[in-house]
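Biologist: I should like a close look at one helix of this model and at the parts that surround it. Please take its neighbours in turn and set out the residues involved.

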Amino acid sequence: EQSTAQILEARNGNGGKIEPGLIILVEILKRLDKDRYHWPIGRTSFQKLAYFATIMGLNTGVSFIRSSYGPFANDLKAKLTKLLNNGLVVEKQMGKMFMYKVGKTFEDARELYLDEINKNTETIEKLVDLFARMNTAQAEYAATVHFARETMKLKQGQKPSEEDVVNEVME
């Protein structure tokens, strides 16, 4: 019988390795699930979780652009499909929303990435704490404001005013 490691390698080939940051996103989902009152993580929240994880230095393999709902990674859908196809994540419909839960193969795959998970414990805990507190709209606002502030064109040494940031967000 093949191990999860062999199955993941066979399905993804050499060029399709799952980035450690994506496994860490699933670890965050797992930890959020321990809090029975956390807000569900759907497609939009997952985008924003990936955004904050990426800016905090996790290797998610995605890059973000300005979009109407804040920072958006076009390539995240393909990465998420890889997680779904490998059983690391499952998508469940909840009313109009699709939410993500940890899949059956995650525990085995988690062992392969345990060093990476342990190395990023502080970042994981910060992201779990943040996303346990925010619903989808709040995650969208937080990511949008952060992205707007980070991508503002400022003269060197200049600090933006609150109004400057609001105008950038509205843009």
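Modeller: In this predicted model, helix α3 packs against helix α8, which spans residues 136-151, at an angle of about 35°. The axes of α3 and α8 lie 9 Å apart, and α3 passes α8 in a left-handed crossing. On the side of α3 the contact is made by T44, S45, K48, Y51, F52 and I55. From α8 come T136, A139, E140, A142, A143, H146 and F147. By class, the residues of this contact of α3 with α8 comprise seven nonpolar, four polar and two charged.

A further partner of α3 is helix α7. The axes of α3, residues 43-55, and α7, residues 121-133, come within 11 Å and cross at roughly 145°. The crossing of α3 and α7 is right-handed, whereas that of α3 and α8 is left-handed. Here α3 contributes S45, K48, L49, F52 and A53, and α7 contributes L127, L130 and F131. The contact of α3 with α7 divides into six nonpolar residues, one polar and one charged. Residues S45, K48 and F52 of α3 are listed in the contact with α7, and S45, K48 and F52 also appear in the contact with α8.

Helix α3 also takes part in the lining of the largest pocket. Both α3 and α4, the latter covering 76-85, supply at least two residues each to that lining. The greatest share is given by α4, with five residues. The largest pocket holds about 250 Å³ of space and is lined by 13 residues. Nearest the centre of the pocket lie R43, Q47, K77, L80 and Y100. Of these, R43 falls at the start of the range of α3, residues 43-55, and K77 and L80 fall within α4, 76-85. In terms of class, the lining has seven nonpolar, three polar and three charged residues.

Y100, one of the residues nearest the pocket centre, leads to the strands. Strand β3, residues 89-94, pairs with strand β4, residues 97-102, in the antiparallel sense over six bridges; Y100 lies within the range of β4. Across this pairing, K92 stands opposite M99 in β4. The hairpin of β3 and β4 has two residues between the strands, and in this hairpin G95 takes a positive phi near 70°.

Taken together, α3 has contacts with α7 and with α8, and α3 supplies at least two residues to the lining of the largest pocket.

Technical notes:
Residues numbered from 1 in each chain as written. Predicted model: local features only at pLDDT ≥ 70, side-chain atom pairs only at ≥ 80, totals over all residues. Heavy atoms only, no water. Axes fitted to C-alpha atoms, helices over the stretch in contact; angles between N-to-C directions. Helix = DSSP H or I, 4+ residues; strand = E, 2+ residues; numbered from the N terminus. Left-handed = near helix turned anticlockwise from the far one by under 90°. Contact = heavy atoms within 4.5 Å. Nonpolar A, V, L, I, M, F, W, Y, C, P; charged D, E, K, R; others polar. Pairing = 2+ DSSP bridges. 1 Å grid on protein atoms, 1.4 Å probe; cavity = no way out; pocket = protein on both sides within 12 Å on 5 of 7 lines; lining within 4 Å. Points joined across faces, edges and corners; volume = space filled by probe spheres on them.
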